[in-house]
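Please open the model in your viewer and keep the sequence panel beside it. The stops below are meant to be selected one after another.

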Amino acid sequence: MRASLRRLGPGGWGITRPDWAGLADALAGGVRRRLVLLVPCGLGAGIGVYFALPSEPPLAAGLGALVLSALLVLLLLRRPRALCFAALLLAVAVGFLAAELRTRAVAAPLLDRELRGLVTGTVKTVDLLPHGVRIVLADLTLEGLAPEATPAAVRLRLLGAEAVPAAGDRIRVRATLAPVDGPAYPGGFDFRRQLFFQGIGGTGFAMGRVERLNEADPTPSRLARLQDGIATRVRAQVEGDAGAIAVAFLTGERAGISDQANEAMRDSGLAHLLSISGIHISLVAILLLGGIRLALALIEPVALRWPIKKWAAGIALLGIVGYTILVGASVPTVRSCVMTGVVLLAVMADRVAISMRLVALAATVVLLVVPEALPGPSFQMSFAAVIALIAAYEALRPYLAGWRADAGPARRVLFYLGSIVLTTLVATVATTPFAIFHFQRFAPLAVAANLMAIPLTSLWIMPCVLLAYPAMLFGLDGWVLPLLGWGIEAMLWVANTVAAWPLAAFSVPAIPAWGLVAGAVGGLWLCLAGGRMRLLGLLALPLVLVAALTAPSPQILVDGTGRLAAARAPEGGLSFSTRRSERFIREIWLRAEAAAEDAPWPQQGTAAGDRLACDPRGCLYRFGGRTVAFVRSGEAFDDDCAGTDLVVTDLVAPRWCRPRFGAWDRFALRRAGGLAVDLSGPEPEIATVTEAVGDRPWAPAPFRAAARE
């Protein structure tokens with residue numbers, strides 16, 4: 001909207017009416033010119049709406065939206081201004097329907113209770129962990145469970161297994177299975193949804209010896225067996241975390257990397273090197289394209305008569321596709337493969353590829369094939385970094401081209417190092433909101449680590465990775481794999497050194513989902529809009545800051561069993577009711593709240609800055625005039641049910657126990673899946689995991705029933 005001050009003749013001055021038609025024309029023109037780039041945004045919006053719904057919509061909802069939006073497009077074919085907006089609505093409907101269809105395609109039974117007994121199945125994948133082995137079993141038979149209630153697959157941990165099974169083996173083992181854990185707190189990352197889309201309906205551990213069934217007729221996965229064989233040969237020659245990371249580079253399997261190495265890579269800002277993505281795929285393409293072209297150029301008759309550049313591009317294309325398959329085809333890998341593949345096809349066709357359009361193409365492919373990737377950190381951070389980098393380099397291209405022209409060796413080295421600094425800064429700014437939302441970590445010293453690690457990866461590690469495949473094929477890996485291990489050890493040294501520096505990484509509280517959405521929309525506007533209009537995307541920055549500053553900080557957290565509870569101290573630390581179990585949940589709570597662990601709850605005395613007073617029968621937490629009772633013994637119900645505002649216990653509360661804001665006992669907590677209690681407002685706000693997840697297919701039956709209540 002634009003208004004102007006004009007002279008209205010002899011009578012004086014006045015303000016003209018806003019030029020709404022001109023604004024509409026400008027907006028429609030911008031959308032029409034960038035429609036290809038906005039289509040994946042529409043797909044993502046539809047998928048986001050689907051996953052944000054509190055209950056599963058009927059398939060007719062997605063089909064109806066698709067039909068109505070398609071009819072709207074047909075009706076507006078002769079009205080270009082409105083047609084582009086109708087096309088975006090169609091993309092939203094397609095994304096919504098794609099998510100619905102994908103959910104129905106992978107839907108399978110989920111365990112809703114603990115089971116113990118014999119488990120028979122075919123080994124789908126094998127992951128060697130720092131301690132033990134983790135396998136995924138498919139084609140299952142579970143003792144005591146009907147076939148129609150049996151999950152499509154389960155994940156088991158084998159402890160002290162004498163012989164590690166291989167992919168494709170049919171095995172039988174006595175195991176304990178349990179439902180997949182959901183979010184650790186309301187609004188937290190939903191592990192159950194992630195495994196649901198992988199077809200895994202239960203997790204557990206083996207309690208006895210693994211028995212191979214010779215009478216079975218397995219259908220082995222050649223890819224899985226190839227990956228297992230590569231991993232075995234690597235571990236035989238490269239030990240420790242260097243070997244585990246080498247396996248990640250060669251097969252995509254990261255389960256064997258220790259927590260210490262993962263933490264050092266994350267705190268130093270080098271975690272992106274462990275996820276096979278743009279830098280790895282592009283280096284494979286560059287090494288293959290350059291190496292094969294150089295080799296063909298040395299053969300004079302071939303170089304003079306044939307298009308060796310196109311031949312090299314074609315072989316490089318096959319190479320990146322093969323590498324993508326070998327490393328597991330994760331979201332960042334597929335995105336990078338699609339983009340790099342289109343560039344190589346453009347080389348073969350003597351065409352110039354448009355980078356931002358490549359991102360749009362890759363995003364469209366990923367969203368249509370695996371729409372469940374959208375809520376995950378891998379998709380969000382990968383595409384955020386790439387979009388921001390392309391937009392930044394397109395804006396700086398005239399300046400960079402002039403600076404690089406006629407550059408000597410010294411200037412080229414400085415240009416390369418400066419590019420690393422610029423790339424790291426842009427990628428860090430673009431991914432920081434997503435890193436805070438998902439991991440609650442920020443690494444400000446990533447520039448220093450990347451300045452050392454990226455040249456090491458480009459010039460040493462990835463060439464060794466590329467040489468390792470043919471070397472293993474011909475039995476020459478005895479000299480390649482140790483070289484790869486030395487390069488990775490150097491990278492780990494960089495990560496550990498930078499992570500040990502002061503202020504290397506910060507823990508920050510998680511921001512609400514609406515703040516992340518505002519940041520994503522603002523970032524997309526900033527990168528995709530044209531002219532000065534793109535600066536409107538900066539308006540998202542104060543919204544993200546407001547979201548971070550106003551994020552709710554509950555005073556009490558309780559898990560779904562009632563065995564673990566946390567109470568907030570005045571300085572912000574968390575005191576836990578037990579330290580003997582639920583270590584994983586404790587770590588998630590501490591990270592989500594960016595809090596330190598305070599003194600544990602005593603058997604007798606006070607904790608949490610004297611807010612918590614305990615005796616052998618239970619504890620009382622007082623905040624803002626409210627009192628919450630944590631009951632340990634049935635004898636405490638008489639006093640606590642009448643004299644407190646809220647009761648939490650892992651016992652069974654008597655029916656007459658009716659405090660003002662409810663009694664959350666063993667059964668109520670199981671239905672709730674966990675609590676977050678905020679006592680800072682006029683009335684306590686109690687959020688549950690069940691309400692946050694909703695009545696969705698990835699929630700077990702008891703949770704879906706509770707969500708409907």
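Begin by selecting Cys41, bearing in mind that the model is predicted; this cysteine is partly exposed, because its relative accessible area is 27%, a value that falls between the 20% limit for buried and the 50% limit for exposed. If you then display the sulfur atoms, the closest cysteine sulfur to that of Cys41 belongs to Cys527 and lies 10 Å away, which is too far for a bond, given that a disulfide requires the two sulfur atoms to be within 2.5 Å.

Select Cys337 next, which counts as buried because its relative accessibility is 11%.

Which cysteines, then, are joined in disulfides? A search of the whole structure finds 2 disulfides, and when the bonded cysteines of the protein chain are numbered in sequence order, the pairing reads 1-2, 3-4.

For one of these, select Cys614 together with Cys619, whose sulfur atoms are joined at an S to S distance of 2.1 Å. Looking along the S-S bond of Cys614 and Cys619, you will find a torsion of about 110°, so this disulfide is right-handed. Cys614 counts as buried with a relative accessibility of 6%, and Cys619 likewise counts as buried, with a value of 2%.

Move on to Cys641 and Cys657, which form a disulfide with their sulfur atoms 1.9 Å apart. This pair links distant parts of the chain, 16 residues apart, with Cys641 in helix α21 (residues 637-643) and Cys657 in the loop between β18 (646-649) and β19 (663-664). Is the link between Cys641 and Cys657 left-handed or right-handed? The angle about its S-S bond is -90°, and the link is left-handed. Both Cys641 and Cys657 are buried.

Leaving the cysteines, select Arg583, which lies in helix α20 (residues 583-593). Arg583 is exposed, because its relative accessible area of 58% is over the 50% limit. Add Leu564 to the selection: although 19 residues separate Arg583 and Leu564 along the chain, their C-alpha atoms are 9.6 Å apart.

The last stop is Pro682, to be found in the loop between β20 (674-678) and β21 (685-688). At a relative accessibility of 72%, Pro682 counts as exposed. Draw a C-alpha to C-alpha distance from Pro682 to Gly624, and the viewer should show 9.0 Å for two residues that are 58 residues apart in sequence.

Notes: Residues numbered from 1 in each chain as written. Predicted model: local features only at pLDDT ≥ 70, side-chain atom pairs only at ≥ 80, totals over all residues. Heavy atoms only, no water. Helix = DSSP H or I, 4+ residues; strand = E, 2+ residues; numbered from the N terminus. Buried < 20%, exposed > 50% of the residue type's maximum accessible area, 1.4 Å probe, protein only.
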